[in-house]
Amino acid sequence: MLELIKRMDSSPEVGATDTLTLPYELRIRGRLKAVTDNGQDVGLFLDRGPVLRHGDLLQARTGEVIRVCAAAEPVTTAYISNGLPLARLCYHLGNRHVSLAIGADDDGRHWVRFPPDHVLEELAELLGASLSHHEAPFDPESGAYAHAGREHAHSHGHSHDHGHSHSDGHSHAH
């Protein structure tokens with residue numbers, strides 16, 4: 001079994017030896033046994049937290065590189081006008097803490113994609129969206145706290161404590 005232990009920055013210049021196609025529910029896991037698209041057994045031994053995105057690269061203990069692909073899976077795509085209607089739909093769906101993918105087709109039609117759910121679908125229709133039920137890769141937005149659109153974050157390992165006083169005679173530490 002090939003042990004995938006390191007996340008690499010995605011780059012078209014890096015030559016991957018194989019691909020690993022996974023649905024979203026498996027791309028959120030750091031520990032996983034799977035089979036690559038060429039039939040090779042692999043195990044993921046990655047840090048917890050960051051979601052594997054479509055196109056991400058994973059390096060094996062032996063140095064081989066595998067490219068992650070988002071699998072086609074059942075989704076609901078809500079098509080809606082750009083601007084306020086799109087913003088309103090994203091707000092109301094996001095307010096229900098559901099993972100959302102947001103995009104536009106080649107013809108410019110804007111959409112919001114989410115896992116099938118009859119309550120969310122009814123809400124989307126009430127807000128003016130037309131729905132399509134189909135299979136497509138689901139690669140939702142990474143969230144407000146992701147650094148530059150990526151899922152990982154880092155800390156610097158040091159703190160910033162500064163004491164200061166105010167004219168009223170008491171002080172605060174930050």
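Q: Is Leu-123 buried or exposed in this predicted model?
A: The model is a predicted one, and in it Leu-123 sits in helix 3, which covers residues 118-126. Its relative accessibility is 16%, and since the buried class takes in residues under 20% relative accessible area, Leu-123 counts as buried.

Q: How far apart in space are Leu-123 and Leu-93, C-alpha to C-alpha?
A: Leu-123 belongs to helix 3, and in sequence 30 residues separate Leu-123 from Leu-93. In space, taken from C-alpha to C-alpha, the two are 8.0 Å apart.

Q: In what order do the strands of the open six-stranded sheet stand, and which strands are at its edges?
A: The sheet is open, its pairing is mixed, and its strands follow the order 2-6-5-1-4-3. Each edge strand has a single partner strand, so one side of each is left without a neighbour in the sheet. From one strand to the next the twist averages 35°. The order is therefore 2-6-5-1-4-3, and the edges are strand 2 (18-22) and strand 3 (31-35).

Q: Which residue in strand 6 is the bridge partner of Leu-20?
A: Strand 2 has a covered face made of Asp-18, Leu-20 and Leu-22, while Thr-19 and Thr-21 make up its uncovered face. Strand 2 and strand 6 run parallel and are joined by five bridges. For Leu-20, the bridge partner in strand 6 is Val-68.

Q: Which residue in strand 4 is the bridge partner of Leu-4?
A: Strands of a sheet pair through backbone hydrogen bonds, and they do so either parallel or antiparallel. Here strand 1 and strand 4 run parallel, with three bridges joining them. In strand 4, the residue bridged to Leu-4 is Leu-44.

Q: Which residues form a nonpolar patch on the surface with Ile-5?
A: Ile-5 has its place in strand 1, residues 2-8, and at 33% relative accessibility it counts as partly exposed. The patch has about 270 Å² of accessible area, taken together over its members. Besides Ile-5, those members are Met-1 and Phe-45.

Q: Which residue forms a salt bridge with Arg-61?
A: Side chains of opposite charge can pair when their charged atoms come close. Arg-61, in the loop between strand 5 and strand 6 (65-70), is linked to a residue of strand 1 that is 58 residues apart from it. Arg-61 is exposed, with a relative accessible area of 55%, whereas its partner, at 28%, counts as partly exposed. The closest N and O atoms are 2.7 Å apart, and the partner is Glu-3.

Q: How many residues apart in sequence are the parts that Arg-27 and Asp-139 tie together?
A: The side chains of Arg-27 and Asp-139 meet in a salt bridge, at 3.0 Å from N to O. Arg-27 lies in helix 1 (residues 24-27) and Asp-139 in the loop between strand 10 (130-137) and strand 11 (163-165), so the pair ties together parts of the chain that are 112 residues apart.

Q: Which residue is linked with Arg-27 and Asp-139 in a network of salt bridges?
A: Within this network, Arg-27 counts as buried at 0% relative accessibility, while Asp-139, at 26%, counts as partly exposed. The further residue linked with them is Arg-53.

Q: How far from the backbone nitrogen of Arg-53 does a polar atom of the Asp-56 side chain lie?
A: Asp-56 is found in the loop between strand 4 (41-45) and strand 5 (57-60), and at 5% relative accessibility Asp-56 counts as buried. From a polar atom of its side chain to the backbone nitrogen of Arg-53, the distance is 2.8 Å.

Q: Which residue in strand 9 is the bridge partner of Thr-76?
A: Seven of the nine residues of strand 7 (residues 72-80) are buried, so this strand is largely enclosed by the rest of the structure. Strand 7 is joined to strand 10 by eight bridges, the two running antiparallel, and one of these pairs Glu-73 with Ala-136. Five bridges also join strand 7 to strand 9 (residues 110-114), again antiparallel. In strand 9, the bridge partner of Thr-76 is Phe-114.

Note on methods: Residues numbered from 1 in each chain as written. Predicted model: local features only at pLDDT ≥ 70, side-chain atom pairs only at ≥ 80, totals over all residues. Heavy atoms only, no water. Helix = DSSP H or I, 4+ residues; strand = E, 2+ residues; numbered from the N terminus. Buried < 20%, exposed > 50% of the residue type's maximum accessible area, 1.4 Å probe, protein only. Polar contact = N/O pair within 3.5 Å; in protein donor to acceptor, adjacent residues only side chain to side chain. Patch = residues over 30% accessible without salt bridge, like charges linked within 9 Å, V, L, I, M, F, W, Y side chains within 5 Å. Areas by Shrake-Rupley, 256 points an atom, 1.4 Å probe, with all protein chains shown as cover. Salt bridge = Lys/Arg side-chain N within 4 Å of Asp/Glu carboxyl O. Pairing = 2+ DSSP bridges. Axes fitted to C-alpha atoms, helices over the stretch in contact; angles between N-to-C directions.
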